Amino acid sequence: MKAHHRGICLLGVLGSVAATPVPAQGYPSGPVRVIVPFPPGGGVDGAGRLISQKLSDQLGKQFVVDNRPGANGMIGSELAAKAAKDGYTLMVNGANFVTTASLYSKVTYDPVRDFDPVSLIALAPNVLVVHPSLPVKSVKELVALAKARPGQVNFAGSGSGSTPHLAAELFNTLAAVTMVHVPYRGTGPAIVGLMSGEASVMFMPTTNAVPLVRSGRLRALAVTTRERVPAMPGLPTVAESGLTGYESSQWYGVLAPAGSPPDVLGLLNSHIAKIMHAPEMRRRLTEDGLVAVGSSRDQFAVHIKSEFSKWAKVIKQSGARVD
């Protein structure tokens with residue numbers, strides 16, 4: 001499978017390998033704080049700890065994770081936005097970073113204006129899965145069923161405004177169907193709800209979906225990224241299954257307060273690219289159902305702006321709100 005090696009379609013999995021690290025006047029001369037706006041144990045925290053350890057190894061100084069959870073990531077993000085612009089405070093965040101402004105009425109920072117992108121480090125695709133009792137085996141059949149039964153096909157989500165919820169709302173919009181959201185308090189309860197038959201459809205993280213699909217407990221229809229993913233290479237994308245333009249996934253990236261030294265951010269970007277493009281890292285992430293990226297700074301900036309605009313429209317159309 002070679003599709004995932006092209007350009008920015010998976011945002012430069014191979015196409016953005018940086019040149020020799022840019023000199024940055026002895027940076028870092030001391031510890032670097034890496035704010036993670038979520039509690040330990042989740043996907044964003046895992047990404048933050050992984051990249052922090054690898055940067056510590058490469059640059060010889062400690063990159064220390066500082067978990068600042070609360071308000072769906074807004075507390076830590078606000079702290080990072082207001083931190084000193086000296087390269088000694090970074091933030092690792094995920095896809096919800098660009099959706100909070102549309103989901104909440106009061107957000108004190110702008111994800112585009114108040115942060116400098118450093119690198120998109122990995123994608124966490126979702127898999128469109130259905131309960132085996134649902135009589136569909138493809139995206140086209142699911143769309144046909146949802147059109148024939150408007151408002152009668154339910155999908156499980158891990159909370160209002162979550163990545164799985166919005167992935168389904170984007171599907172509703174592009175397919176012109178009305179599947180109904182059944183919200184749960186987290187991915188685990190949502191999976192339980194799907195398995196019990198309370199809901200029939202879910203856009204499920206790859207890491208959770210793979211074992212359930214392989215065991216036959218769920219049926220996979222498609223992956224949500226623009227191109228097929230290494231963890232499930234035989235599974236088509238939603239877009240190639242008929243919904244042109246569909247793309248949705250969780251993602252993890254490194255950012256800095258706006259106005260941080262460009263040479264420092266360039267140095268960090270080149271080291272992150274080296275880390276994420278290493279064969280052992282790519283194998284490790286593939287085993288976890290992720291896609292290693294390591295983008296250029298410009299690619300990450302384009303990604304953030306594109307995601308911000310896209311999900312703002314989806315949220316408005318769906319009426320999804322958290323407060």
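Three exercises on a predicted model of a protein chain follow, each with a worked solution.

**Exercise 1.** Decide whether the radius of gyration of the protein chain agrees or disagrees with that of a compact globule.

Solution.
- Step 1: The chain has 323 residues, and a compact globule of that length would have a radius of gyration near 20 Å.
- Step 2: The value for the protein chain is 19 Å, which agrees with the rule.
- Step 3: For the extent along the principal axes, the C-alpha trace spans about 65 × 45 × 30 Å.

**Exercise 2.** Find what share of the residues in the protein chain is buried, and describe the contacts and the exposed surface.

Solution.
- Step 1: Buried means under 20% relative accessible area.
- Step 2: By that cut-off, 56% of the 323 residues are buried.
- Step 3: Of the contacts with a separation of 6 or more, 79% are between residues 24 or more positions apart.
- Step 4: The chain exposes about 13300 Å², with 54% of this area supplied by carbon and sulfur atoms.

**Exercise 3.** Place strand 9 (residues 249-257) among its paired strands and state how many of its residues are buried.

Solution.
- Step 1: The protein chain has 10 helices and 10 strands.
- Step 2: Strand 3 (residues 89-94) runs antiparallel to strand 9 and is joined to it by 4 bridges. Within this pairing, Asn-93 has Gly-253 of strand 9 as its bridge partner.
- Step 3: Strand 4 (residues 115-130) also pairs with strand 9 in the antiparallel sense, over 9 bridges. Here Gln-250 in strand 9 stands opposite Ala-124.
- Step 4: Strand 9 is mostly covered, with 9 of its 9 residues buried.

Key: Residues numbered from 1 in each chain as written. Predicted model: local features only at pLDDT ≥ 70, side-chain atom pairs only at ≥ 80, totals over all residues. Heavy atoms only, no water. Helix = DSSP H or I, 4+ residues; strand = E, 2+ residues; numbered from the N terminus. Rg over C-alpha atoms; globule rule 2.2 N^0.38 Å. Buried < 20%, exposed > 50% of the residue type's maximum accessible area, 1.4 Å probe, protein only. Contact = heavy atoms within 4.5 Å. Areas by Shrake-Rupley, 256 points an atom, 1.4 Å probe, with all protein chains shown as cover. Pairing = 2+ DSSP bridges.
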